[in-house]
Every structure is written in structure tokens, then in C-alpha cells.
Amino acid sequence: MNDFPTMRGRMEYFCLGCNSRFGVDKLHYTCPKCGGVFLLEDTAFEALAENPPVYYKTLFDKRAASKTTALRGIFRFYELMAPILEERDIVHLGEGNTPIVSASPALEKYLGTPMAFKNDGQNPSGSFKDRGMACAFSYLKSLVRENGWDNVLTVCASTGDTSASAALYGAYVGDPITTVVILPQGKVTPQQLAQPLGSGAMVLEVPGVFDDCMKVVEHLADNYRVALLNSKNAWRILGQESYAFEVAQYFDWDTYRKAVFVPIGNAGNITAVMSGFLKLQRLGVIPSLPRIFGVQSAHADPVYRFYSQADAKKRHYEPVTVTPSVAQAAMIGNPVSFPRVKHYVEQYEKIGGPGSFQVIQVEEQAIIESMLLANRHGHISCTQGGECLAGLIRAKEMGLIEPQELAILDATAHALKFSGFQQMYFENAFPPEYGITPKKELMNAPELVITAQEKAELSPEAYTVRAAENVVKRLGLKSL
């Protein structure tokens, strides 16, 4: 029996700059009137309140075991996200449902506070971007079908994860979609570069950093017929709200004394997380809002600088010039979604009160060493996950974490994507601009047990014995 929902909402683009509204029959990125960024709103959302909170708790819990492909991932929260899409248009590659893994006992003891990572690196392309991309491509499929388009060029700027995700979903959907990604030359890890290449996307490089790539992509979107897949695309934000829904569901819809740490980067994810929790609170599905901590490296911290001014009337936003960061996906000096962050922070603080949203600044040394700390205790944290852990440690030092408050940290990508930075640490190979000096006790390297020349000079049996004896000596083993 097919259990796909029959209800449909009424979606509109809402401009944060001039409050204009537009229908969703066209793909908009910025407001045609003022150039402001959009949010997507379901103008029929209040009708959902006709059902009691327990209705949605039961419904979403039931769908977690659904065999209907379109409801197996992020769209099990269909009513809360994009309730205009038809089942035939929804793309599901296994995104969502990523695990929340509690800190190992030793790590929790070290930190002195309960903590868990949500491993979004276990999404199909290895990052949280798949949540937004699943929603964006589902909407794009519906437009293609409704308009009969025979040629659609998608384009995105990326530090690695967005391009990998866009290329993967574009390859899966196939004709008439062609995927192009624009990357900063030499600023993407080899692992991340391999992903869009392997998915068959056209990869174009430009000198500079992500912000330079974004300017090129924005020019293309403003002047040519292309489908922009960066977080300026408000459908991406909708899909990423599923992160908040999953966190709440995992804890049986109890978000009291929970603190969610999110790296800011281009600010799309922290926008989505706040929006998601606010939706649940509006429906009474969660009784209270969890606290939100955005985290930024001192090498790319415009949002931190804005909110570090305590007097809201004196705050002034300015982009910053970034310097190299190991949290490469967060190395963005002018986040596209900052207006969205500001919009939701105002709503969040009205309900959650002072301290419900905060931004923490951390140093590069703390980011890389927090990643190593997490992974040495059995986690699979990327550098952005290390940024979140560094943020938790810093927040605790500042007295911002309450006793017994559970911190949920966003590990946005798989650790393997950023293994090159780990190797640079182990080899003390960071250029000076990173400002990182490795500690010997954290460095690690393979040790050769026996040389190739020794092996060549010994019989196979003697080689085995010699190699084993060397291992015994190195480990200090005792005979049985």
C-alpha cells in the first residue's frame, strides 16, 4: 500500500530584502525587484496545527520504517518541507537518517560534558549537502516535467562538498540535466575533486577562493539560463531543515537542555537548522527550542564579528578577507545566507530568549587538534566536525554550557575527505599562513618493521620469523 501524503501546501518565495512574494512556478535565486535572498514559505502551514502534536510525532516515527522510496529519506517530513512535490519527482539516494553517535566514555570524561556527533558525512556523497541537493533536484525534476524542458544546465560554486553532491544527484537524474561545477584552483582536497570528476561533471577552475567562484556563478545565474545549485537556491535550505527534524526525532522530540553546534560556512545549514526547529516548535512537536551555537574559524569569521557586538543596534555586517583554513568548507568570507541567519536569529531569540543563539570563534590549531581528538576516540569527524568540537571546548571554557546540557555536534562531511590535512599535521607540512604548529604527542606515522633488502636476503620462512621478532621487540610482547 502506498502511503505517500495526499495533502499539498501553497509554497511561495519570500524576499528578505523588500518582502515581495513570488510563485514557485519558476526557479528564483534572488529577488527580481531588489536582489535580496529568498526564503520559501508554505502559506498554508498554519493549517497543519489543526492536528495535535502527537499526530506528527506518530506520523514521522511511522514513516521512519516506510518502504515507500520517496519517504525513506528527508521527505518523511514531507508536510514540513516542500509539500507541493509529487512522488514521481522526488529523488532519493539514501540521504538523511544519519546516525547520532555519543562521545566515547573516555572522550566524554576528557570534555567533562555529554556530547554526540551527528555524522552527516554518512550521506551518499559524504556530506550534509545531499539533504539540500535531494530537495533541489526533486523540485528541478518537477519543473522539467511541467515545462517539457529538453536541456537544463546546473551550475554551482564549491569548496568541494557542494560540487560532489550536485554532480552525484545530477548524474543520477540524468537527461536533460547537465552538471557544471566551478572550483577555486588548488583549494579543494584531491578526494573532493575526484568526486565530481568521477560523476562525469564538467569541472571548471578559477584562481582565488570560494567567494570568487560564487561571484562568477552569480553572474551566470543573473544573465543566462542556468539552474543555480548553491544555497542561494532556497530549495536547498528546505532540504537541509531535515537535519533539525532528525535530531528532534532521535531524542523522542525532547530538545530540552540540548545545544546544537553547527559550522557556519556559507550560513545555509545554520539557517536551515534554526528554521527546522522553529517549525517544530510552532506545531508544538517540540516543547522548547534547543540552543544553537554557530562556529567560525578566526580565519573566516564575519558572522562572529557581527554578533560579538552585544548591542544589537550597533551591529554592522562586513565581509572579511579569508586566510587558509583546515575547515575548508567553512572558509567563506561573505556568506550568502547571512540575511537568512539574521532573520531567523531574531525569531529564535524571541522564543528562546538571550543565549539561545550564539557564535563562537575558534583558532585553526584548535580545529585540527579537535578533529584528531575526536577521531582518536573512535569518531569519523571531518575538519568542520573538529571546528564544532573546538567550539564546544571554547564554549565550555567561557562558561556558556550548562551542567548536563547535551551538545550535538555537526560533523558535516566524512573524515576521509579531509585526510590530507591530517597528513599535513603529522608531517609538519602546514604553510605558515595556517598558523598551525603540530604537537609531537599527536603526530603519527607508519613504522617499517623490516626493510625490503632484508626480506630479499632471507628465505620466506626466515623473513616471517624475523619480521615477527621485530614486532615482538617493538611491542614488548611476552611469550605464552
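**Figure 1. Arg145 and its salt-bridge partner Asp89 in the predicted model.** At a relative accessibility of 34%, Arg145 counts as partly exposed in this predicted model, whereas Asp89 is buried, with a relative accessible area of 2%. The two side chains meet in a salt bridge, with a distance of 2.7 Å from N to O. Because Asp89 lies in the loop between helix 1 and strand 4 while Arg145 belongs to helix 3 (residues 129–147), the pair ties together parts that are 56 residues apart in sequence. The structure holds 20 salt bridges.

**Figure 2. The salt bridge between Glu246 and Arg131, and the network around this pair.** The closest N and O atoms of Glu246 and Arg131 are 2.9 Å apart, and the two residues form a salt bridge. Glu246 is located in helix 8 (residues 242–250) and Arg131 in helix 3, so that distant parts of the chain, 115 residues apart, are linked by the pair. Both ends count as buried, Glu246 at 4% relative accessibility and Arg131 at 0%. Through salt bridges that share partners, Lys118, Asp120, Arg131 and Glu246 are joined into one network.

**Figure 3. The surroundings of Thr98 in the loop between helix 1 (53–63) and strand 4.** Thr98 counts as buried because its relative accessibility is 6%, which falls under the 20% limit. When neighbours within four places in sequence are left aside, the contacts of Thr98 are Lys118, Asn119, Asp120, Gln122, Asn123, Arg131 and Glu246. Phe277 is 179 residues from Thr98 along the chain, and the C-alpha atoms of these two residues are separated by 17 Å.

**Figure 4. The salt bridge between Glu46 and Arg282.** In this pair the closest N and O atoms are 2.4 Å apart. Glu46 sits in the loop between strand 3 and helix 1, and Arg282 in helix 9 (residues 268–282); with their positions 236 residues apart, the pair links distant parts of the chain. Glu46 is exposed, with a relative accessible area of 51%, whereas Arg282 counts as partly exposed at 48% relative accessibility.

**Figure 5. Glu364, a buried acidic residue without a salt bridge.** Glu364 is found in helix 12, which covers residues 364–375. The nearest side chain of opposite charge belongs to Arg305 and is 12 Å away. The side chain of Glu364 does, however, make a polar contact of 2.5 Å with the side chain of Ser297. Apart from neighbours within four places in sequence, the residues in contact with Glu364 are Ser297, His299, Pro324, Ser325, Val326, Ala327, Tyr434 and Ile436.

**Figure 6. The open sheet of six strands.** The strands follow the order 4-5-13-10-11-12, and their pairing is mixed. Strand 4 (100–102) and strand 12 (357–362) are the edge strands, each of which pairs on one side only. From one strand to the next, the twist averages 25 degrees. Within this sheet, strand 10 (residues 258–263) and strand 13 (residues 406–411) pair in the parallel sense over four bridges, and the bridge partner of Val260 in strand 13 is Ile408.

**Figure 7. The open sheet of three strands.** Here the order is 2-1-3 and the pairing is antiparallel, with strand 2 (21–23) and strand 3 (38–42) as the edge strands, each pairing on one side only. Neighbouring strands are turned by 35 degrees against each other on average, direction ignored. Strand 1 (residues 11–15) is joined to strand 2 by three bridges, and Phe14 stands opposite Arg21 in strand 2.

Definitions and conventions: Residues are numbered from 1 along each chain as its sequence is written. This is a predicted model: local features need pLDDT of at least 70, side-chain atom pairs count only at pLDDT 80 or more; totals for chains, interfaces and linings use all residues. Side-chain values use heavy atoms; hydrogens and water are left out. Two strands pair if DSSP finds at least two bridges between them. Helices (H or I, at least four residues) and strands (E, at least two) are DSSP runs, numbered from the N terminus. Axes are lines fitted to C-alpha atoms, for helices over the stretch in contact, and angles run from 0 to 180 degrees between N-to-C directions. Buried means under 20% relative accessible area, exposed over 50%, partly exposed in between (1.4 Å probe, protein chains only). Lys and Arg count as positive and Asp and Glu as negative; His and the chain ends are not counted. A salt bridge is a side-chain nitrogen of Lys or Arg within 4 Å of a carboxyl oxygen of Asp or Glu. A polar contact is a pair of N or O atoms within 3.5 Å; within protein, one must be able to donate a hydrogen and the other to accept it, and residues adjacent in sequence count only if both atoms are side-chain atoms. Contact means heavy atoms within 4.5 Å.
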